[in-house]
Amino acid sequence: MAIAKAERLMNLALCLLGTRRPLSKRELRESIEAYLEAGSDDSFNRMFERDKDDLRELGLVIETVENLDGEVGYLARRDSNRLPPITLDAEEAAALGLAAKVWQQARLAGAASGALQKLRAAGLPEDVDPYEAHGALEPRIPVHEVAFEPLMLACRDRRPVVFDYRKATAARPEQRHVEPWALECWRGHWYLAGWDRDRGAERVFRLSRITGKVRSRSGRFTAEIPDVVTVRETVASWAGENADRSARIRLRTDAGYPLRAKATAVRELGDGWDELEIPYGHGLDAWLVEFGPDVVVLEPAELRADVVDRLRAVAKG
């Protein structure tokens, strides 16, 4: 339905921008297939008025003109809908170049590259290369999960989804009904933040634990969508970014460099082991499990128990 409406809006915009004279409702209905399929004049009129309002909200300037016979027509003059010239300084161009590099491993790479080419055509200075500026920076956000693209589209279109999800402590995946809010990358892993309908609460899902296909469902969201900042804070907290305590672990020498980067204290124990004090927040147990036998939790006891439970679940398959 979202795609059909987008196509209808695009066709209406093209008609209004392409005409040299005002077009009446009758002419517009005869020119756009979706309007021809409207069941009645009332249905068409409601659809047209909504579409006209939507285009105006998107920034299209639509004029209403009445001819000598009193018939009302509509058009969108090109000079009234032309964007101002685009000017970018070196730092702004560099930021765009870095953004394009971020997506070089995703399907958005082509769109990002095309956008930069259009900026060149629009007047981006030839002496500014957005790909080479600040070339020492090489941001990479790998996108290997099959679930990424359907979830990205579902977040954009505000469509509920269904997928099978395997928690780190579970032997088998469970079906989850989710209203997706946003995708966030944290420590090289992608997470989906959204509203879990079955549990009636917000949840964060790691994409690598989604099994099978992500399936879209019709209907509206039932929960209020928080702002972007709140969603990012939720992902960070769920994945362990916001820590309110400390944990002590043993770590093999020359292993676990991400853990060492987070450590507030490091002490050599000898025999190939070090002792680290690291921030302890929600999700730390799942992160420690990824390092397998290179990590031993010393305290607190509940963190050690959570890690042991996760390792046992993995061992059981």
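In the predicted model, residues L303, V307, R310 and A313 of helix α11 are buried. Viewed down the helix axis, the buried residues of α11 fall within an arc of 125°, so they line one face of the helix. The face turned away from this buried side carries the exposed residues A301, R312, A315 and K316. Helix α11 comprises 16 residues, from 301 to 316. The distance from its first C-alpha to its last is 23 Å, close to the 22 Å expected at 1.5 Å a residue.

The largest nonpolar core of the model contains 18 residues. Within this core, the residues with the most contacts are L12, L16, L28, Y35, F48 and L55. Two or more residues are given to the core by each of the elements α1 (2–18) and α4 (41–57). Helix α1 gives the most, with five residues. When residues up to four places away in sequence are not counted, F48 touches L12, K25, L28, Y35 and Y74. Of these, L12, L28 and Y35 are also listed with F48 among the core residues that have the most contacts. Apart from this core lies another, of 17 residues. Its members include L251, L276, L284 and L303, and L303 is one of the buried residues of α11.

Residue D274 is located in strand β11, which spans residues 273–281. D274 has a relative accessible area of 6% and is therefore buried, the cut-off for burial being under 20%. The side chain of D274 is joined to that of R260 by a polar contact of 3.0 Å. R260 is also one of the residues that D274 touches beyond four places in sequence; the others are I249, R250, L251, T253, V266, R267, E268 and L269. Among these neighbours, L251 is a member of the core of 17 residues.

Confidence varies along the protein chain. The average pLDDT is 80, and 75% of the residues score at least 70. Among the elements, strand β4 (residues 161–165) has the highest mean pLDDT, at 95, whereas helix α6 (residues 109–121) has the lowest, at 61. Over residues 133–137 the pLDDT is below 50. Beyond near neighbours in sequence, this stretch has four contacts in the model. Where pLDDT is low, predicted coordinates should not be read in detail.

Terms used:
Residues are numbered from 1 along each chain as its sequence is written. Side-chain values use heavy atoms; hydrogens and water are left out. Helices (H or I, at least four residues) and strands (E, at least two) are DSSP runs, numbered from the N terminus. Buried means under 20% relative accessible area, exposed over 50%, partly exposed in between (1.4 Å probe, protein chains only). A polar contact is a pair of N or O atoms within 3.5 Å; within protein, one must be able to donate a hydrogen and the other to accept it, and residues adjacent in sequence count only if both atoms are side-chain atoms. Contact means heavy atoms within 4.5 Å. The expected span of a helix is 1.5 Å times one less than its number of residues. The arc is that of the directions from the helix axis to the C-beta atoms. pLDDT is the predictor's confidence in each residue, from 0 to 100. A nonpolar core is a set of buried Ala, Val, Leu, Ile, Met, Phe, Trp, Tyr and Cys residues joined through side-chain atoms within 4.5 Å.
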